[in-house]
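Please open the model in your viewer and keep the sequence panel beside it, since each stop on this tour begins with a selection and then describes what is found there.

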Amino acid sequence: MEPSEGWTAPKVLYSDAEPRSLPPSPGYSDEQKTEVARLRRELLELSAVVSTHPYWETVEAGKRVDQRMALKHAHEQDPDVGRAEAA
């Protein structure tokens, strides 16, 4: 968010790797900083809604962590899986 000067790492002796660098950054505008703060607040609120949802009381305590981890990857699942069964 804050401006940075950028940098270039020196090339390591006996290495074929190119030096790594990061260009200077002007940082975020006030508008961008405000939006980031808003999005972080929303993320925190939504995280609380999901983690305290009554559904989790229906999941066996020892399986909640695995179920929450699976929920994090739900967007990676094929959307057609399970549709035929539900129809």
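Begin by selecting Glu35 and Arg38, which are three residues apart in helix H1 and therefore separated by about one helical turn. The two side chains form a salt bridge, with the closest N and O atoms 2.8 Å apart. Bear in mind while looking at this pair that the model is a predicted one. Glu35 counts as partly exposed at 35% relative accessibility, and Arg38 is likewise partly exposed, with a relative accessible area of 35%.

Staying with helix H1, which covers residues 30-51, select Lys33 next and add Glu2 to the selection. Their side chains meet in a salt bridge, at 3.5 Å from N to O. Because Lys33 belongs to helix H1 whereas Glu2 lies in the segment before strand E1 (7-8), this pair ties together parts that are 31 residues apart in sequence. Lys33 is partly exposed, its relative accessible area being 26%, while Glu2 is exposed at 53%.

Now move along the chain to Glu57 and Arg64, and show both side chains. Here, too, there is a salt bridge, with 3.9 Å from N to O. Glu57 is exposed, with a relative accessible area of 63%, whereas Arg64 is partly exposed at 22%. Then return to the opening pair and add Glu42, since salt bridges that share partners join Glu35, Arg38 and Glu42 into one network. In total, the structure holds five salt bridges, among them the pairs Lys33 with Glu2 and Glu57 with Arg64. As a general point, side chains of opposite charge can pair when their charged atoms come close.

For the next stop, select Tyr55 and Trp56 and display their rings. How many aromatic pairs does a search of the whole structure find? The search finds one, and the rings of Tyr55 and Trp56 form it, with their centres 5.0 Å apart. Their planes stand at 70°, so the pair is edge-to-face. Tyr55 is partly exposed, with a relative accessible area of 41%, but Trp56 is buried, with a value of 6%. Keep Trp56 on display and add Arg68, whose charged end sits over the ring of Trp56, 4.8 Å from the ring centre.

From there, go back towards the N terminus and select Lys11, which lies in the loop between E1 and strand E2 (21-22). Leaving aside residues up to four places away in sequence, Lys11 touches Ala17 and Pro19. At 47% relative accessibility, Lys11 counts as partly exposed.

Finally, clear the selection and view the whole chain, coloured by secondary structure. The chain contains three helices and two strands, and from the N terminus on these elements run β-β-α-α-α. Colouring by accessibility gives a second view, in which buried residues make up 3% of the 87 residues in the chain; Trp56, at 6% relative accessible area, is a buried residue to look for. The chain exposes about 8200 Å², and carbon and sulfur atoms supply 58% of that area. If you list contacts between residues at least 6 apart in sequence, 22% of these contacts join residues at least 24 apart.

Methods
Residues are numbered from 1 along each chain as its sequence is written. This is a predicted model: local features need pLDDT of at least 70, side-chain atom pairs count only at pLDDT 80 or more; totals for chains, interfaces and linings use all residues. Side-chain values use heavy atoms; hydrogens and water are left out. Helices (H or I, at least four residues) and strands (E, at least two) are DSSP runs, numbered from the N terminus. Buried means under 20% relative accessible area, exposed over 50%, partly exposed in between (1.4 Å probe, protein chains only). Contact means heavy atoms within 4.5 Å. Accessible areas come from the Shrake-Rupley method with a 1.4 Å probe; for residues, only the protein chains shown count as cover. A salt bridge is a side-chain nitrogen of Lys or Arg within 4 Å of a carboxyl oxygen of Asp or Glu. Rings of Phe, Tyr and Trp (its six-membered ring) pair if their centres lie within 6.5 Å; planes under 30 degrees apart count as stacked, over 60 as edge-to-face and the rest as tilted. A charge sits over a ring if NZ of Lys or CZ of Arg is within 6 Å of the ring centre and within 35 degrees of the ring normal.
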